[in-house]
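Colleague: Got a minute? I'd like a quick tour of this one, since I'm new to it.
Modeller: Sure, here it is.

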Amino acid sequence: MSDIAIDTQFDSGNIEVKSVDGASAQLALRKDKDSEFAQWFHFRVTGAAGRALELTLTGLNDSAYPAGWPDYRACVSEDRAFWGRADTTFDKHAGNGTLTIRYTPASDIAWFAYFAPYSMERHHDLVAEAAAAEGVAYRRLGATLDGQPLDCLEMGEGDKQVWLYARQHPGESMAEWWMEGALECLTDPADTLARALREKCRFHIVPNCNPDGSRRGHLRTNAIGTNLNREWESPSAEKSPEVLAIRNAMDQTGVDFAMDVHGDEAIAANFLAGYEGIPSWTEEGGERFYRFQRILARRTPDFQAEKGYPKSKPGTANLTISTNQVAERYGATAMTLEMPFKDNADWPDPAQGWSPERCKALARDCLAALLEWLDEG
């Protein structure tokens, strides 16, 4: 029987094919351009109908986040609309860390990815649809190093300046699925939550902060290997024009509330990271963040506050990181939302794990929590 074929020459495609033998393949991660980060994969397998595929990725102990592989299951789709999870095992001691994906497609083509991809074509559809909605203004903040536009959508008549931005790390595609859910809610004229929020707030929404890395199939960096979420203290047109454009726009509007949407490779939970340790930290300012965290935890079982990152000690916050810089620079209630590549271990879904659908649902919960937070404040 003929060998399967594996392709990556498409938006966000990324894998190295070492060898193919029938329905089996030996694969390796490809690093982001001009960077040591490697974790994202996205590839297509053809000649696969009814065949028991065995796809083996090796060398994962040297990946960006080796703790991301235990208990992880690869995403798979045959129609690029529904993304399920394939049978996946990880062996730390074989092949310098080996992930084996097993799947038998019903059709001749199957797509595999680290998380359900969010293509730049879908991004443009999202932006176009939102921009056409009543009361929404489109703003081109600037251009990326590859010449792609940096899109921002603005809406609302209130005086609270709210910034929502996502996908500084392009491989964290769950962040733009979250954005799709948020924009669907906020642009729905029949949604009372959206109407109430737009009365109180002026929203500034950047669905994808890193179009170049997204299209190139990077995990964490832009076109020249810059980690954008380490550029917020001193962004530059040469290394990080994306951050420079967003921060300049924030300087014009000010920021009252900000959420930077991400994904975490290792922690099987949704959680928030705050701005403890910034020079201007006060207990009162911190309580604003913790109050939002408590509201969100009460509103949805898909969010929790026990698992997460360690808090920075007083005076030790890294001001190159967006949440810390925005909180310090504008006196904002700022936060990083992290969603899992794996699943929510407290509420697992055997078919899909953490999924695009759950990202979108969490976005609406975050917006509902924001309205409650504003009403209480």
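Colleague: Let's start with Thr-100. Which strand is Thr-100 found in?
Modeller: Thr-100 belongs to strand E9, residues 98-103. Keep in mind as we go that this is a predicted model.

Colleague: Is Thr-100 buried or exposed?
Modeller: Buried, because its relative accessibility is 10%, and the cut-off for buried is under 20%.

Colleague: And what is Thr-100 in contact with, leaving aside its neighbours within four places in sequence?
Modeller: Two stretches of sequence turn up: Glu-54, Leu-55 and Thr-56, plus Asp-87, Thr-88 and Thr-89.

Colleague: Switching topic: how many disulfides does the structure hold?
Modeller: Zero.

Colleague: Why is there no bond for Cys-75?
Modeller: The closest cysteine sulfur is in Cys-359, and at 9.9 Å from the sulfur of Cys-75 that is too far for a bond. A disulfide here needs the sulfurs within 2.5 Å. Cys-75 is also buried, at 2% relative accessibility.

Colleague: What about Cys-201, and how far away is the nearest cysteine sulfur?
Modeller: It's 12 Å away, in Cys-185, and Cys-201 is in no disulfide. Cys-201 counts as buried too, with a relative accessibility of 0%.

Colleague: Now the strands. Why is E12 described as largely enclosed by the rest of the structure?
Modeller: Because six of the seven residues in E12, which covers residues 149-155, are buried.

Colleague: Which strands does E12 pair with?
Modeller: One is E11, residues 136-143, which pairs with E12 in the antiparallel sense over seven bridges. Within that pairing, Arg-139 has Cys-152 as its bridge partner. E12 also pairs with E14, residues 201-206, again antiparallel, over three bridges. There, Met-155 stands opposite Phe-203.

Colleague: How many residues sit between the strands in the hairpin of E11 and E12?
Modeller: Five, and in that hairpin Gly-147 takes a positive phi near 85°.

Colleague: And E13, how many of its residues are buried?
Modeller: Six of seven, so E13 (residues 160-166) is largely enclosed by the rest of the structure. E13 runs parallel to E14, with six bridges between them, and Gln-161 has Arg-202 as its bridge partner. Five bridges also join E13 to E15, residues 257-264, in the parallel sense. In that pairing, Trp-163 stands opposite Ala-258.

Colleague: OK, on to the core. Which residues in the largest nonpolar core touch the most other members?
Modeller: Phe-41, Trp-178, Phe-203 and Met-259, out of 110 residues in that core. Helix H8, residues 356-376, contributes the largest share, 11 residues.

Colleague: What does Trp-178 touch away from its sequence neighbours?
Modeller: Its contacts beyond four places in sequence include Leu-164, Met-259, Val-261, Leu-337 and Met-339. Cys-359, Leu-362, Ala-363 and Cys-366 are among them as well.

Colleague: Last one, H3. Which of its residues are buried?
Modeller: In H3, residues 192-200, the buried ones are Leu-193, Ala-194, Leu-197 and Arg-198. These four cover an arc of only 125° around the axis, which puts them on the same side of H3.

Colleague: So what covers the buried residues of H3, and what is on the face turned away?
Modeller: The cover includes E11, E12, E14, H8 and helix H2 (174-186). The face turned away carries the exposed residues Thr-192, Arg-195 and Glu-199.

Colleague: And what caps the N-terminal end of H3?
Modeller: Asp-191 does, with a side-chain oxygen 3.0 Å from the backbone nitrogen of Leu-193.

Key: Residues numbered from 1 in each chain as written. Predicted model: local features only at pLDDT ≥ 70, side-chain atom pairs only at ≥ 80, totals over all residues. Heavy atoms only, no water. Buried < 20%, exposed > 50% of the residue type's maximum accessible area, 1.4 Å probe, protein only. Helix = DSSP H or I, 4+ residues; strand = E, 2+ residues; numbered from the N terminus. Pairing = 2+ DSSP bridges. Contact = heavy atoms within 4.5 Å. Core = buried A, V, L, I, M, F, W, Y, C linked by side-chain atoms within 4.5 Å. Arc of directions from axis to C-beta. Polar contact = N/O pair within 3.5 Å; in protein donor to acceptor, adjacent residues only side chain to side chain.
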